[in-house]
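The following exercises practise the reading of a predicted model. Study the sequence and structure, then work through each solution in order.

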Amino acid sequence: MAPWPEVEKPETNNYIGDSSKQNQNMAGKEGENHKGNVASLGNKGEIQPAFSTVALIDETRPEEDPWALPELQDTGVKWSELDRKGKIIRVLYGIGKFIMLLGLLYMFVCSLDVLSSAFQLVGGKAAGDIFKDDSVLSNPVAGLVIGVLVTVMVQSSSTSSSIIVSMVSSTLLTVRAAIPIIMGANIGTSVTNTIVALMQAGDRNEFRRAFAGATIHDFFNWLAVFALLPIEVVSGYLYHLTNVIVESFHLESGEDAPELLKVITDPFTKLIIELDKSVINAIATNDESAKNKSLVKVWCVTETNVTLQNVTVASPDNCTSPDFCWTAGNTTWTLMNVTETEYISKCQHLFANSDLPDLAIGLILLALSLLVLCSCLIMIVKLLNSVLKGQVASVIKKTINTDFPFPFTWLAGYLAMLAGAGMTFVVQSSSVFTSAITPLVGIGVISIERSYPLTLGANIGTTTTAILAALASPGSTLKYSLQIALCHFFFNVSGIILFYPIPYTRLPIRMSKTLGNITAQYRWFAIFYLLLCFFLLPLFVFGLSLAGWPVLLGVCLPLFALFIAVVVINVMQKRRPHSLPEKLQNWDFLPVWMHSLEPWDNMLMSSLAFCGKHCCGFCKCCKVNAEQEGAKDKQLKTMEVYENTMAMADEERGGRRAPAVACVDKTGTNNTAL
């Protein structure tokens, strides 16, 4: 390559002048300069200095923070510029959008309820079977992953908690063995808002924020379990604390807990499906007759009568009492209470008269509920984007995200936690509340830092609901259900004490942002994360636990030690790389596929591109997306300044030769060891 031509300082300073004067000179002599440059290049055969400013090249443009809340500009006509008719129309439009938003939120919550019923139909009996193995449940690690799996399968922590209460009250499970299962149920309930975040994968930055806002719940639950489960196994502090509280009160069964949201949603969801959840409890408590029963409720109004009847028995030993026992020929009779159920009225839902098996009904409802869920979420995001603009958006963002002045800055987070607990108590479900704020985090109305205390408050709110439900339990299960609900409450409080009061310990925020950056660049990684954390990893640990403690410890302890070592080395590579040996200062000594997602991404995108050639519309979609990305790149290139026309021509030719990967941006590599 030829050496860079030397330019005298006075000439350079002349070029670095007022940009307006330079533009005027170039506009006046554009044709002459062009001809002169071409002639000079042709005659002298050397590169002449371009009329660009070196100072502009040296200036580095500030990088945009992807986590900064976007400004939703109001592109419409200002209110002051509207006439009376325009103002009336805008007000009516606003009222219509508000009513539409309420309707979409109602359908969104109902679809979550139907989704939970669908998961119970598909995996409810399997969940009951999992709880039957008492030897496995005595293992705290196995109990933890069973709680995760069962809650993911039934999409409801309250359902899994009711199963645990039934097993404890029937002496199939001790309260101390049930505590790890409750911890697992706390993890499993966060899968719903992670699924909801996948629906915002269309926009890269929205997906980055939405997925981070959803997984902040996951990371808090996992970190709390990793920190508190060993302490509970060694000391049993949750068991002893809740036992003292329960024993210190004289408890009596009370009225049913208030169901505020169910009053609104049940009339609609009961037209679609109704389930008999006692079947899952019966399977978990070793009731063999429940295996052949359907979870779909057919008769909604029944009446149970107990009558004293003459019944034949095999021998006099089977009589209820010697006074009520007689024989007639070869037949022995006795008096016995017989329970008869009278079926009065059938249910009115869609599948009341269906002959389909539970699995088929569950799959149908799963597909329909996911379709409605996705549609409602997309329309909610579009509607919020159209409503939250200009002054309205700035007021809402300032109200939610602004901290109090010093020295009361810390108070805003705890008030947000209180608000999250209150809202969760109103809607009776942490999944519904966290799923509702996920799109708000995605479009930039709520920051990640503010969504963290809101999520922690949702964890507290769902446990207070469980405590009220436990107080309404019958006398036989009141003590156990209340103690389990209190264990759930104090577990979440302990996790908040560990990972919230000191800003440095708020690890879930940093971890969720890291995962958000990865999933924004490699969107397929979001599905991989979902499958790994909520299905594959719990199933792997559950399979090892079936083989016994020696196998479980022999496999998991080395893997866990390796994971901790990789995390520590990653942190030291960023903070204090010189403290590490030269070879460990980066991961380049490993194969590329072990420390970067780029090879996996290339392989996956190549597979999708190959499949796309045989799928209608896929290639066309990719071509449109590639053209859009190319237009953005070209727009950015026009903003750059080059020293000569040859450099721009070389880059143009190099850009054409570079292979394009369908539908995916390659903004860098993820240099993290897997």
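**Exercise 1.** Locate His349 and decide whether this residue is buried or exposed.

Solution. Step 1: His349 sits in the loop that joins strand E3 (331–346) to helix H15 (358–387); helices (H or I, at least four residues) and strands (E, at least two) are DSSP runs, numbered from the N terminus. The model is predicted, so local features need pLDDT of at least 70, side-chain atom pairs count only at pLDDT 80 or more, and totals for chains, interfaces and linings use all residues. Residues are numbered from 1 along each chain as its sequence is written, and side-chain values use heavy atoms, without hydrogens and water.

Step 2: The relative accessible area of His349 is 5%, so His349 is buried (buried means under 20% relative accessible area, exposed over 50%, partly exposed in between; 1.4 Å probe, protein chains only).

**Exercise 2.** Identify which residues His349 touches beyond four places in sequence.

Solution. A contact means heavy atoms within 4.5 Å. The residues touched by His349 are Lys270, Leu271, Ile272, Ile273, Glu274, Val296 and Lys297, not counting residues up to four places away in sequence.

**Exercise 3.** State how confident the prediction is along the chain.

Solution. Step 1: pLDDT is the predictor's confidence in each residue, from 0 to 100. The chain has a mean pLDDT of 74, and 72% of its residues reach 70 or more.

Step 2: Residues 616–622 have pLDDT below 50, and this stretch has six contacts in the model beyond near neighbours in sequence. Where pLDDT is low, the predicted coordinates should not be read in detail.
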